[in-house]
Amino acid sequence: MEIRVRFAPSPTGYLHIGGARTALFNWLFARHNRGKFILRIEDTDEVRSTIESVKAIVDSLSWLGLNWDEGPEIVADIKGNLSFQSRGEFGPYFQMERQKQGIYQEFAQKLIDSGWAYYCYCRPEELQAKRELAMKNKIPPKYDGTCRTLTEEQIREKRAAGIKPVLRFKMPRQGQIEFTDIIRGTLQFENALLDDFVLLKASGVPTYNFACVIDDYLMKISHVIRGDDHLSNTPRQVHLYQALNLAMPRFAHLSMILGPDGARLSKRHGHTSVLEYVRDGYLPEALLNYLALLGWSTEDSQQIFSEKELVEKFSLERCGKSPAIFDGQKLLWMNAEYIRQKSPSELTRLFRNWARDQNPGTEIDNWDEKKLEMAIAAEQEKIKLLKDIPGLVDFFFANKIEYNEEAKKILKGDGVNLILQELTGIFKTLPEFSAANLEKVVRQYCAEKKYKTGQVFHPLRAAVSGRTKGPHLFVMLEILGKNKVIESLENLH
């Protein structure tokens, strides 16, 4: 059997962390089994679905490196206008395009003909009143089947009144529905607790449960891997597979992702959008690595994985049932680990690309490449996010030094002016302005003048950077360069 899995987001907003984790697990399962990973856009929410959300989802998946084998891709015309086209033999991969082709209506008619579906003429206000009454009586609100047994004459009266019906599934009222979940084992649901859910809205647009069953079948999806918030939908979908006599995929429901306080992950726990992590300067491989650990683990509890290792070691059987806890501090630690693994040249390239995407046309574009790489190398151990870099290195490229209050205080110390004047003279005579040589001559100066190193090092740092903290002092001096260091010192005399 060919492994075919799908990630099927609704384009009503950004790609959030939970959706990214679901996409990742589908992608890993497909790649581990040499199968296909399909991206399908479930845009049947006619009010909230937008093309901007589709682009945000596509951009987020692309940034993460979760390449899909079939699905929509962005194309541009000669004027640069963007649109989406489907790539693959089982398209279209937008549900509203499939709806226009009559795909869902064809299967809906089969359910009507076999007695598994009926038209419901209840008005929205009537359904709302029934819902409120059920909740008042502390009864789980579900459709009571009013239109389930309408006579032909009653149906003609409803039609004559101009009421546009929805199509509902005729749920069995006895017995149980059972299916096996790869992660959770065998699950059973009482049919009496399930409602006659809507298959087609009055507009003819399919609902989620109906459309995804038809699409999964026609796209030959072998495994449906999704969050456990969809677990309540699965018994309804299993009923549809059985009523239509369709081959059913295997199901795997991933654990919920919670915040550190045990509540469902939300904005108050930090970023929930993948694009927000892009803007903050996280590396895609770090975010992927962290997401993989939300609900999955290896026997030896390995933490850092290459992409190749994730693909080789991933299995649904190692996914847990308990909720996963999202820890922003651990993600930040992991991102810093990945940043430290980069060579200075690679990290400089990543920073350049990030800065141009996030802040095009800023002064960063004009920063000297060699100096930037040296500065990043000097501060690499401190960098946790790409957005940290400007604050750590921008003084190397400033035309005018901005002195913070601590630096000003140090520069007002007794004897500081004399020390800086004497160092200026020494620096002017140096033929080699390297970190090693600078450290040698400055330490020699301290010894000759009987200064403690702090009496010299701290004012020197403050004078040339305007700060009291930063990279190794003599590395910093070398990066700034002889001319700039001397100019800064002379401006203080």
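The following paragraphs describe the pockets, the nonpolar cores and two helices of a predicted model. Residues are numbered from 1 along each chain as its sequence is written, and side-chain values use heavy atoms, with hydrogens and water left out. As the model is predicted, local features need pLDDT of at least 70 and side-chain atom pairs count only at pLDDT 80 or more, whereas totals for chains, interfaces and linings use all residues.

Pockets were located on a 1 Å grid over the protein atoms alone, a pocket being an open set of points where a 1.4 Å probe fits, with protein on both sides within 12 Å along at least five of seven lines, and lining residues having an atom within 4 Å of a point. The largest pocket has a volume (the space filled by probe spheres set on the points, which are joined across faces, edges and corners) of about 1000 Å³. Its lining comprises 39 residues, with S10, H16, G19, D229 and H230 nearest the centre. Helix α1 (17-32) and strands β1 (4-7) and β10 (223-227) each supply at least two lining residues, and α1 gives the most, with 6; helices (H or I, at least four residues) and strands (E, at least two) are DSSP runs numbered from the N terminus. By class, the lining of the largest pocket divides into 14 nonpolar (Ala, Val, Leu, Ile, Met, Phe, Trp, Tyr, Cys and Pro), 15 polar (the others, Gly among them) and 10 charged residues (Asp, Glu, Lys and Arg).

The second largest pocket, of about 570 Å³, is lined by 26 residues, of which P141, K142, Y143, D144 and D195 lie nearest its centre. This lining has 14 nonpolar, 3 polar and 9 charged residues, and helix α5 (residues 124-136) contributes the largest share, 5 residues. The end C-alpha atoms of α5 are 18 Å apart, in agreement with the 18 Å expected for its 13 residues at 1.5 Å times one less than the number of residues. After α5 comes K138, whose phi is positive, near 60°.

In the largest nonpolar core (buried Ala, Val, Leu, Ile, Met, Phe, Trp, Tyr and Cys residues joined through side-chain atoms within 4.5 Å; buried means under 20% relative accessible area with a 1.4 Å probe, protein chains only), F351, F427 and L477 touch the most other members among 105 residues. Helix α1 provides the largest share of this core, 9 residues. A second, separate core of 34 residues includes F90, Y93, L194 and V213.

Helix α10 (residues 284-292) is largely enclosed by the rest of the structure, because 8 of its 9 residues are buried.

Key:
Buried < 20%, exposed > 50% of the residue type's maximum accessible area, 1.4 Å probe, protein only.
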